[in-house]
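Let's take a walk through this one together. Have the sequence and the model open side by side, and we'll start from a single residue and work outwards.

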Amino acid sequence: MAKPQDLREIDRKKFKEFLDSFDVILTDCDGVIWFLSTPIEGAIETLNLLKTLGKKIFFVSNNSLSTVEQYCQKLESSGFQATPNQIIIPAKVIAWYLKKLNFDGEVFTIGSTPFQKVLKDSGIKLADSPPLSVMEELSTVREQISDRPSIKAVVCDFDLDCNWIKLTRAILSLQKQNTIFLMGAQDKFVPFSKNVALLGPGPLTNIVTELSGRNPIPCAKPSKVLKDFILEQCEINDPKRCLFIGDSPDSDMQFGTMCNFQKLFVESGTGRLEECTKCAEITPDYYLPELSLLLPVLRQFLEPSRN
């Protein structure tokens with residue numbers, strides 16, 4: 001198993017070969033360029049410099065706690081001008097997938113308000129969600145979990161307001177074998193800050209999966225649906241000429257391998273380099289402690305051409 005190359009240590013010739021080897025950059029967000037609302041210093045500046053070198057950049061996140069527009073606004077406030085087509089999040093991919101199927105029913109979602117808004121803005125009909133607080137009476141509970149014939153798909157993602165009623169309605173809706181079961185992010189934890197992580201949607205989706213007896217179709221990293229979306233929507237003809245940047249071995253690096261992308265692992269999030277060396281499937285091609293450390297290497301490489 002080849003050891004990842006530390007981009008700070010390769011010589012000028014190999015660094016030029018590295019830069020010349022890709023035209024497209026696909027980068028994770030949480031743990032790579034920011035922690036929720038806190039930017040990681042130097043990361044956006046690094047991407048902007050790569051952009052001036054003609055690299056096309058897309059942002060691929062499992063986090064649907066923001067809409068596409070909010071992602072663009074957040075990037076702009078951080079100093080990067082992005083268009084909606086550069087933002088790739090689970091809700092956007094799920095809407096694309098359902099349209100591919102000519103889906104015409106309602107979707108019951110366990111997901112955030114922004115997640116649901118992206119689906120609705122894409123023309124997907126959503127079933128009414130149960131109230132956050134339900135009276136602890138049998139008749140009231142029965143009404144809230146009863147089957148809605150119009151529900152033809154169940155989608156699970158990150159939901160701070162998830163409760164027993166939502167989980168039960170999802171499980172019961174999936175008893176109909178023709179109900180589509182889709183899954184957004186499956187992360188066990190979501191980076192909140194450098195050393196703090198929130199419980200992710202994965203464990204709750206596992207509850208629905210186990211008790212419904214249905215396996216969801218994954219639509220976030222790492223998944224074939226997301227791969228198909230990126231190859232089509234980003235117009236990628238040669239995956240080998242794409243560089244995927246991420247901080248998660250199981251999510252980012254595995255997805256990069258699935259897509260046949262080159263992979264750069266950064267240690268600024270929750271993952272650690274030693275985790276990436278456990279098997280070839282998650283071993284990156286390149287490594288940096290954090291993305292900002294590419295900036296001085298880039299500047300040093302470009303300096304002669306500026307004189």
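Start with A185, which is buried, with a relative accessible area of just 4%. Keep in mind as you look around that this is a predicted model. You'll find A185 in the loop between β10 (180-183) and β11 (189-193). So what does A185 touch, once its neighbours within four places in sequence are left aside? The answer is N62, P90, D157, P201 and A220. For a sense of spacing, try R214: A185 and R214 lie 29 residues apart in sequence, and their C-alpha atoms are 17 Å apart in space.

One of those contacts of A185 is P90, and that takes us to helix α4, which covers residues 90-100. Two packed helices are described by the angle between their axes and the distance between the axes, so let's use both numbers here. Against helix α5 (residues 113-121), α4 packs at about 30 degrees, with the axes 9 Å apart. Since anything under 35 degrees counts as roughly parallel, α4 is roughly parallel to α5. The crossing of the two, α4 and α5, is right-handed. On the α4 side, P90, A91, K92, I94 and A95 take part, and they meet F115, V118 and L119 in α5. By class, that contact of α4 with α5 has 7 nonpolar residues, 1 charged and no polar ones.

Now look at α4 against helix α9 (residues 224-233): here the angle is about 85 degrees and the axes are 10 Å apart. That makes α4 roughly perpendicular to α9. From α4 come K92, V93, W96, Y97 and K100, meeting V225, L226, D228, F229, E232 and Q233 in α9. Sorted by class, the residues of the α4 contact with α9 are 6 nonpolar, 1 polar and 4 charged. Notice that K92 turns up in the contact with α5 and again in the one with α9.

Next, the sheet. Its 7 strands run in the order β1-β16-β15-β14-β2-β5-β6, forming an open sheet with parallel pairing. The edges are β1 (5-6) and β6 (87-88), each pairing on one side only. Zoom in on β2 (residues 24-27) and β14 (residues 242-246), which pair in the parallel sense over 4 bridges. Within that pair, V24 stands opposite C242 in β14.

Last stop: helix α2, residues 43-52. Which of its residues are buried? They are A43, I44, T46, L47, L49 and L50. Just after α2 comes G54, with a positive phi of about 95 degrees.

Terms used. Residues are numbered from 1 along each chain as its sequence is written. This is a predicted model: local features need pLDDT of at least 70, side-chain atom pairs count only at pLDDT 80 or more; totals for chains, interfaces and linings use all residues. Side-chain values use heavy atoms; hydrogens and water are left out. Axes are lines fitted to C-alpha atoms, for helices over the stretch in contact, and angles run from 0 to 180 degrees between N-to-C directions. Angles under 35 degrees count as roughly parallel, over 145 as roughly antiparallel, 65 to 115 as roughly perpendicular and the rest as oblique. A crossing is left-handed if the near helix is turned anticlockwise from the far one by less than a right angle, and right-handed if clockwise. Contact means heavy atoms within 4.5 Å. Ala, Val, Leu, Ile, Met, Phe, Trp, Tyr, Cys and Pro count as nonpolar, Asp, Glu, Lys and Arg as charged, and the others, Gly among them, as polar. Buried means under 20% relative accessible area, exposed over 50%, partly exposed in between (1.4 Å probe, protein chains only). Two strands pair if DSSP finds at least two bridges between them.
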